Amino acid sequence: MSTNYLSIARDGLWNNNIVFSQSLALCPTLAVTGTATNGLGMGMATTVVMIFTGLVVALFRGIISPEVRIPVFVLIIATIVTLVDMGMNAWTHDLHKVLGLFIPLIVTNCAILGRAESYASKHATLPAVVDGLMMGLGFTLALVMLGATRELLGSGTLFANAELLLGQRLAFMEVTLIPDYRGFLIAILPPGGFLLLGFLLAGKRMLDKQLEARKNLSEPAGVTAPEAI
Amino acid sequence: MSTADTEPAYRKGIGYQAILLGGFAALAAALLILGNNSTHEAIASRQAEDLLDSLSQVLPDAIHDNNLLNNAILIEDENGNPLTIYRAMKNQKFTGAAYQVTGHGYGGDIEILLGINPQGELIGVRVLSHAETPGLGDRIEIEKDNWITGFSGRSLKNTPKTAWHVKKDGGQIDQFSGATITPRAVTKAVYEGLIFFRKHRDELVVMTDNGDT
């Protein structure tokens, strides 16, 4: 079985996106996306965890027996999350102050256990790592999109405090799009998170439908059935 | 699942599974010890920096020549909980104290740091952490609004007990529109903090001037 990295990428980023398609990991998604920067930070931390989880699970997939696989996966994920937590606290301390509360919660991110179970434990190391990377990037994309929408509506800025995350060189990413904007407060509050996530999910469905309709027009139906998930 | 068919029989035994799980637990513990050893120094120094950073906002560098972290003492508050008091000293004289008080706001506890001079006047007040509504209650943060600086210079002497309320409740403290509970909670906590200082002032001054550290 040859590995199609392109389809792994397409699955992770769009077709089977953790948030937009699988609707998993909504707790961290809604909790941290008050600003685009927080979304980006959480997404990056989760991506690192997913890559290493994929690597370790795939490496040991030969010796992990199915009966105890879930506790072993949870142990692996918890170890990696704790290491990431300590590393961020030591080296990106300001960001850790913002995200600190949510990092330990990555352990409970069911999407990571889901990928370990459904992909990494059945595939070779490299595809598992690529899958972790792509799923993580797709998650990051979803978080940044939701964070940017909420931040824009709620406070009229984009990537506020980005220099905490990315260093002074990237401080130019911070934009105040609407100066003296009084804010559409509900966007930053939890209910606004649910509302905007709903709009984004609906938007993705509509886009997918349109793309499919266009595809069906250009080629006869049924020739390339997309792989069912 | 195809893996179940090809799985060797010994893996089905409880012994193998116990060893597997135990092995992973041991590996995880080893990794965590390594990780902790290589980060705990950096984390401790970052946290000390954070603390000094907030302390310097309520106890300016000009009024002390000691290391604030080395001259901290513990005093029990009225609930019997030990409260860490950071003391500023210049030329062995007590020049100010800083400690944390807690207000009960709209979204939970508000942690507030007070800096007080020996006369019982507030040098500065800062909010360390809170869970108030963004855009409304978060104007208690110095980054969002300078409301909190309105406490500087106030004391129990120059602001009578009845004035330690927001204006809406008949006091002298400014409020801000859209949030009443938050400024009320901060005002109450600061007032109680000053009462605490009045009660323990002599202990702080004496302990400092004896050179007791």
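## A hairpin in chain B

Let's begin inside chain B, where B:G103 has B:I110 of strand 4 as its bridge partner. This pair belongs to a meeting of two strands: strand 3 of chain B and strand 4 of chain B run antiparallel and are joined by eight bridges. Four residues sit between these strands in their hairpin, and there B:G108 adopts a positive phi near 130°.

Please keep in mind while you look around that this is a predicted model. Its overall scores are ipTM 0.74 and pTM 0.75. For chain B, the mean pLDDT is 86, and 93% of the residues score at least 70. Confidence varies along the elements of chain B: strand 4 (residues 109-116) has the highest mean pLDDT, 92, while helix 1 (residues 2-6) has the lowest, 52.

## More pairing among the strands

Strand 3 of chain B also has a partner on the other side of the sequence. Strand 2 of chain B and strand 3 (residues 93-104) of chain B are antiparallel, with five bridges between them. Two positions help you find this pairing: B:A88 is bridged to B:G96 of strand 3, and B:M89 stands opposite B:F94 in strand 3. The hairpin that links strand 2 and strand 3 of chain B has two residues between the strands, and B:N91 takes a positive phi near 50° there.

Going back towards the N terminus, we meet strand 1 (residues 72-76) of chain B, which is joined by five bridges to strand 2 (residues 82-90) of chain B, again in an antiparallel arrangement. Here B:I73 finds its bridge partner in B:I85 of strand 2. The hairpin of strand 1 and strand 2 of chain B has five residues between the strands, with B:G80 at a positive phi near 85°. As you follow any one of these strands, a general point is handy: side chains in a regular strand alternate between the two faces of the sheet.

## A buried phenylalanine

Where does B:F197 lie? This residue is part of helix 3 (residues 181-209) of chain B. B:F197 counts as buried because 22 other C-beta atoms lie within 10 Å, and the cut-off for a buried residue is 20 or more.

Which residues does B:F197 touch, leaving aside those up to four places away in sequence? They are B:A97, B:I116 and B:G120. Two of these can be placed on the strands described above: B:A97 falls within strand 3 (residues 93-104) of chain B, and B:I116 within strand 4 (residues 109-116) of chain B. As for B:G120, its C-alpha is 7.1 Å from that of B:F197, although 77 residues separate the two in sequence.

## Chain B as a whole

Stepping back, chain B contains three helices and five strands. Along the sequence they follow the pattern α-α-β-β-β-β-β-α. The domain assignment divides chain B into domain 1 (2-42) and domain 2 (60-209), and the C-alpha centres of these two domains of chain B are 50 Å apart.

How does the spread of chain B look in numbers? Its radius of gyration is 25 Å, whereas a compact globule of 213 residues would have one near 17 Å. Taken along the principal axes, the C-alpha atoms of chain B fill a box of roughly 85 × 50 × 30 Å. Of its 213 residues, 28% are buried. Among the contacts in chain B with a separation of 6 or more, 51% are between residues 24 or more positions apart.

## Chain A and the meeting of the chains

Chain A has nine helices and two strands, arranged from the N terminus as α-α-α-α-α-α-α-β-α-β-α. Its radius of gyration of 19 Å agrees with a compact globule, because a globule of 229 residues would come out near 17 Å. The C-alpha trace of chain A spans about 55 × 55 × 30 Å along its principal axes. Buried residues account for 41% of the 229 in chain A. For contacts in chain A with a separation of 6 or more, 77% link residues 24 or more positions apart.

Finally, how many residues of each chain are in contact with the other? Chain A contributes 22 residues and chain B contributes 21. On the chain A side, helix 4 (residues 69-91) supplies the largest share, with eleven residues. By class, this side of chain A has 13 nonpolar, eight polar and one charged residues.

Conventions: Residues numbered from 1 in each chain as written. Chains lettered and ligands numbered in written order. Predicted model: local features only at pLDDT ≥ 70, side-chain atom pairs only at ≥ 80, totals over all residues. pLDDT = per-residue confidence, 0-100. Pairing = 2+ DSSP bridges. Contact = placed C-beta atoms within 7 Å. Nonpolar A, V, L, I, M, F, W, Y, C, P; charged D, E, K, R; others polar. Domains from an automatic or database assignment. Rg over C-alpha atoms; globule rule 2.2 N^0.38 Å. Buried ≥ 20, exposed ≤ 12 C-beta atoms within 10 Å, placed from the backbone.
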